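Student: Please show me how to read a structural model feature by feature, with the general idea given before each case.

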Amino acid sequence: MTTMIIKDNSAQAKRLIEFVRTLHFVTVVEEKKKSFEEAAKECNAVSVDSFFDELNARIEKWPNHA
């Protein structure tokens, strides 16, 4: 298997991709870029405020807290 990564979005790159799609032995997989919000949701990220709220709550529960 050989992998090609084409990062260019020029007309020439698009023509190359369209040509490659016509080949019976080739599969073209296009990567869809995600927004930051989509990527964060996908990995179950939490907001900074939520993170610090949870961190502070855990610190409060820690033994020997002043």
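Student: Is glutamate 31 buried or exposed?

Tutor: A residue counts as exposed when its relative accessible area is over 50%, and as buried when that value is under 20%. Glutamate 31 has a relative accessible area of 72%, so it is exposed. Please keep in mind that this is a predicted model.

Student: Where does glutamate 31 lie?

Tutor: Glutamate 31 belongs to the loop between α1 and α2. One may also ask about separation in space: glutamate 31 and isoleucine 5 are 26 residues apart along the chain, and their C-alpha atoms are separated by 10.0 Å.

Student: What separation is found between methionine 4 and proline 63?

Tutor: These two residues are 59 residues apart along the chain, and 55 Å lies between their C-alpha atoms. Methionine 4 is placed in the segment before α1. With 58% relative accessibility, it counts as exposed, because the value is over 50%.

Student: Which secondary structure elements does the protein contain?

Tutor: The protein has three helices and zero strands. Along the sequence, the pattern reads α-α-α.

Student: What does the radius of gyration show for the protein?

Tutor: The value is set against that of a compact globule of equal length. For 66 residues such a globule would have a radius of gyration near 11 Å, whereas the protein has 23 Å. The principal axes offer a second view: the C-alpha trace spans about 70 × 25 × 15 Å along them.

Student: How many of the 66 residues, as a percentage, are buried?

Tutor: Buried residues account for 5% of the 66 residues. The protein exposes about 6,900 Å², of which carbon and sulfur atoms supply 57%.

Student: Which residues form the nonpolar patch on the surface?

Tutor: A patch of this kind joins nonpolar side chains within 5 Å, taken from residues with over 30% relative accessible area. Here the patch is formed by Val46, Val48, Phe51, Phe52, Leu55 and Ile59, with about 550 Å² of accessible area together. Consider one of them, phenylalanine 52, which is placed in helix α3, residues 48-61. Its relative accessibility is 43%, so it qualifies for a patch and counts as partly exposed.

Student: What is notable about phi of asparagine 44?

Tutor: The sign of phi is the feature to read. Asparagine 44 has a phi near 60°, a positive value in a residue other than glycine. Its place is the loop between α2 (36-42) and α3. Asparagine 44 is exposed, with a relative accessible area of 66%.

Student: How many salt bridges are counted?

Tutor: A salt bridge requires a side-chain nitrogen of Lys or Arg within 4 Å of a carboxyl oxygen of Asp or Glu. By this rule there are three salt bridges. Let us take arginine 21 first. Its side chain meets that of glutamate 18 at 3.3 Å, N to O, and that of glutamate 30 at 2.2 Å, N to O.

Student: Why are arginine 21 and glutamate 18 separated by about one helical turn?

Tutor: They are three residues apart in helix α1 (residues 11-21), which means a separation of about one helical turn. Arginine 21 is partly exposed at 36% relative accessible area, and glutamate 18 is partly exposed at 47%. Glutamate 30, by its 58% relative accessible area, is exposed.

Student: Which residue forms a salt bridge with glutamate 54?

Tutor: The partner is arginine 58, with the closest N and O atoms 2.7 Å apart. Both residues lie in helix α3, four residues apart, which is about one turn of the helix. Glutamate 54 is partly exposed at 42% relative accessibility, while arginine 58, at a relative accessible area of 56%, is exposed.

Student: Which residues are joined into one network by shared partners?

Tutor: Glu18, Arg21 and Glu30 are joined into one network by salt bridges that share partners.

Student: How far apart are the mean positions of the positive and negative charges?

Tutor: Here one compares the mean position of each kind of charge over the whole protein. There are 10 positive and 11 negative charges, and their mean positions are 7 Å apart.

Notes
Residues are numbered from 1 along each chain as its sequence is written. This is a predicted model: local features need pLDDT of at least 70, side-chain atom pairs count only at pLDDT 80 or more; totals for chains, interfaces and linings use all residues. Side-chain values use heavy atoms; hydrogens and water are left out. Helices (H or I, at least four residues) and strands (E, at least two) are DSSP runs, numbered from the N terminus. The radius of gyration is taken over C-alpha atoms; the globule rule is 2.2 Å times the number of residues to the power 0.38. Buried means under 20% relative accessible area, exposed over 50%, partly exposed in between (1.4 Å probe, protein chains only). Accessible areas come from the Shrake-Rupley method with a 1.4 Å probe; for residues, only the protein chains shown count as cover. Lys and Arg count as positive and Asp and Glu as negative; His and the chain ends are not counted. The place of a charge is taken as NZ of Lys, CZ of Arg, CG of Asp or CD of Glu. Patches are made of residues with over 30% relative accessible area and no salt bridge: like charges are joined within 9 Å, nonpolar side chains (Val, Leu, Ile, Met, Phe, Trp, Tyr) within 5 Å.
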